[in-house]
Amino acid sequence: MKIVIVGTGYVGLVTATCLSEVGLNLFCVDVDKDKIEKLKQGISPIYEPGLDDMLQRNIQKERLIFTTSLAELMPEVDVVFSAVGTPPDEDGSADLQYVLDVAKTIGKNMQKYVLIITKSTVPVGTAKLVRNAVQQELDKRGVHIEFDVASNPEFLKEGDAINDFMKPDRIVCGVSSPKAQQILEKIYAPFVLNGHPVIFTDIASAEMIKYAANAMLATRISFMNDIANLCEIVGADVNMVRKGIGSDTRIGAKFLYAGTGYGGSCFPKDVKALIKTADTYGYSLEILKSVEQVNDRQKTILFDKLNLYYKGDLKGKRIALLGLAFKPNTDDMREAPAISLIEKLNEAGCVIYAYDPVAMDESKRKIGNAVHYCKNLYETLEDAEAMLLVTEWTEFRILDLKKVKSLMKNAIVFDGRNIYNDQEMKNNGVTYFCIGKNTQ
């Protein structure tokens with residue numbers, strides 16, 4: 001079985017590498033020639049723990065081959081995974097141009113039956129558009145070749161994607177024919193043998209499952225951030241509230257942590273796209289619209305606290321920013337809370353010194369010299385009038401508080417992820433603010 005994965009971004013590369021790890025031979029296609037040349041050398045374009053070693057191992061075993069031409073491969077291809085980007089359009093809907101470009105290329109060059117599997121996150125109804133695009137190209141050629149379209153959404157957490165793929169909670173496959181189901185069963189047989197369930201659905205349901213899952217997780221985050229803000233007002237402790245409601249088996253403890261809002265490549269984009277899909281069908285998803293509003297507000301919560309503490313007098317103040325990526329164990333800064341925070345700090349005239357263990361290069365690419373970049377945590381704190389923790393990297397979890405106090409001009413910490421102990425801070429003479437608890 002000749003399998004091709006189109007797109008070597010986050011989803012495509014992780015999918016290809018993990019499938020090759022269980023013994024499948026794959027071709028990976030991307031139009032970016034520089035990226036492909038680096039991948040041939042085993043150089044990954046993304047930071048993901050465990051990916052580099054697995055990638056290099058399977059390249060050496062010749063189970064992963066990288067190329068820029070899908071058309072050249074198509075005559076012998078049996079399966080195509082489409083894992084190209086679906087960036088948000090100006091109106092919030094998913095931009096499907098790359099997905100449909102792949103479909104057209106397949107239709108122009110296929111010579112025999114092909115199963116086209118959409119791995120990208122796409123709105124309900126995309127499979128029909130893919131099918132139409134392929135069929136139109138076949139009609140132009142005047143040929144009749146059977147093919148199937150399937151949906152196989154990904155559920156990968158950045159920073160733990162390898163583990164998520166190799167030990168999935170579930171594998172969702174939307175199919176419309178027995179033949180498509182049989183092929184997917186064969187591809188995922190190694191995972192079934194290890195006890196990981198494959199759920200077969202119709203295609204529309206599979207497309208919806210991905211959006212619904214991310215929307216639910218985003219909702220939990222915004223809900224807890226809203227509760228956290230209320231906790232501060234009424235004198236409650238959101239950490240105790242989280243434990244209290246998280247112990248309810250109907251609710252569970254995951255994704256109940258208060259913070260500075262969600263970011264990344266999935267939640268913001270998928271919430272917007274689902275809202276837009278509903279609007280297109282004349283239905284308003286009011287809960288998700290509120291989820292988005294709460295998240296936008298939460299991204300500047302640290303600035304609001306800092307601004308309140310200094311009574312609006314922030315001009316010229318040196319601020320230490322710890323963390324730039326939207327979450328630990330990734331260099332991804334798409335929709336990162338740090339970006340909104342930096343914008344507000346710069347507007348107020350602050351001088352920002354920042355450090356992130358992994359995302360510094362990505363930050364320079366994304367926001368340039370909007371901040372001064374430091375070599376480590378403690379260099380960031382030198383002469384700072386406040387420290388703002390944005391990303392809960394492991395190396396930030398334990399601070400030498402005596403050193404913190406000696407380095408900073410004013411030992412004030414604004415903890416955007418609630419990772420520090422307020423009493424320990426107080427005992428060491430550090431003024432401490434967190435999310436969802438009044439510590440003063």
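Where is the place of Lys 311? I looked it up and found Lys 311 in the loop between α14 (301-309) and β9 (318-322). I take helices (H or I, at least four residues) and strands (E, at least two) as DSSP runs, numbered from the N terminus.

**Conventions.** I am working on a predicted model, where local features need pLDDT of at least 70 and side-chain atom pairs count only at pLDDT 80 or more, while totals for chains, interfaces and linings use all residues. Residues are numbered from 1 along each chain as its sequence is written, and side-chain values use heavy atoms, with hydrogens and water left out.

**Positive phi in loops.** I noted that Lys 311 has a phi near 55 degrees, a positive value in a residue other than glycine. Lys 311 counts as exposed because its relative accessibility is 78%. My terms here are buried for under 20% relative accessible area, exposed for over 50%, and partly exposed in between (1.4 Å probe, protein chains only).

I then looked up Asn 418, in the loop between β13 (412-415) and α19 (422-427). Phi of Asn 418 is near 55 degrees, again a positive value in a residue other than glycine. Is Asn 418 buried or exposed? I have Asn 418 as buried, at 16% relative accessibility.

**Helix α1.** I checked the length of helix α1 (residues 10-21) against its residue count. The expected span of a helix is 1.5 Å times one less than its number of residues. For the 12 residues of α1 this gives 16 Å, and the end C-alpha atoms are 17 Å apart, so the two agree.

I went on to burial. Of the 12 residues of α1, 11 are buried, so the helix is largely enclosed by the rest of the structure. I listed the buried ones as Tyr 10, Val 11, Gly 12, Leu 13, Val 14, Thr 15, Ala 16, Thr 17, Cys 18, Leu 19 and Ser 20. After α1 comes Gly 23, with a positive phi near 110 degrees.

**α1 with α3.** Two packed helices are described by the angle between their axes and the distance between the axes. My axes are lines fitted to C-alpha atoms, for helices over the stretch in contact, and the angles run from 0 to 180 degrees between N-to-C directions. For α1 and helix α3 (residues 51-60) I have an angle of about 55 degrees, with the axes 9 Å apart. That makes α1 oblique to α3. I count angles under 35 degrees as roughly parallel, over 145 as roughly antiparallel, 65 to 115 as roughly perpendicular and the rest as oblique.

The crossing of α1 and α3 is left-handed. A crossing is left-handed if the near helix is turned anticlockwise from the far one by less than a right angle, and right-handed if clockwise. On the α1 side, Leu 13, Thr 17, Cys 18, Ser 20 and Glu 21 meet Leu 51, Met 54, Leu 55, Arg 57 and Asn 58 of α3. Contact means heavy atoms within 4.5 Å. By class, I record five nonpolar, three polar and two charged residues in the contact of α1 with α3. Ala, Val, Leu, Ile, Met, Phe, Trp, Tyr, Cys and Pro count as nonpolar, Asp, Glu, Lys and Arg as charged, and the others, Gly among them, as polar.

**α10 with α12.** I turned to helix α10 (residues 203-234) and helix α12 (residues 267-280), which pack at an angle of about 115 degrees with their axes 9 Å apart. That makes α10 roughly perpendicular to α12. Their crossing is left-handed. Among the residues that meet are Met 208, Tyr 211 and Ile 221 in α10, and Phe 267 and Leu 274 in α12. I record 11 nonpolar, one polar and two charged residues in the contact of α10 with α12.

I looked up one residue of α10, Ala 215. Ala 215 counts as buried, at 6% relative accessibility. Not counting residues up to four places away in sequence, Ala 215 touches Val 271, Leu 274 and Leu 288. The C-alpha atoms of Ala 215 and Asp 270 are 7.1 Å apart, with their positions 55 residues apart along the chain.

**α10 with α11.** The axes of α10 and helix α11 (residues 238-246) come within 9 Å and cross at roughly 135 degrees. That makes α10 oblique to α11. I have this crossing as right-handed. The contact is made by Met 224, Ile 227, Ala 228 and Cys 231 of α10 and Val 238, Val 241, Arg 242 and Ile 245 of α11. By class, I record seven nonpolar, no polar and one charged residue.
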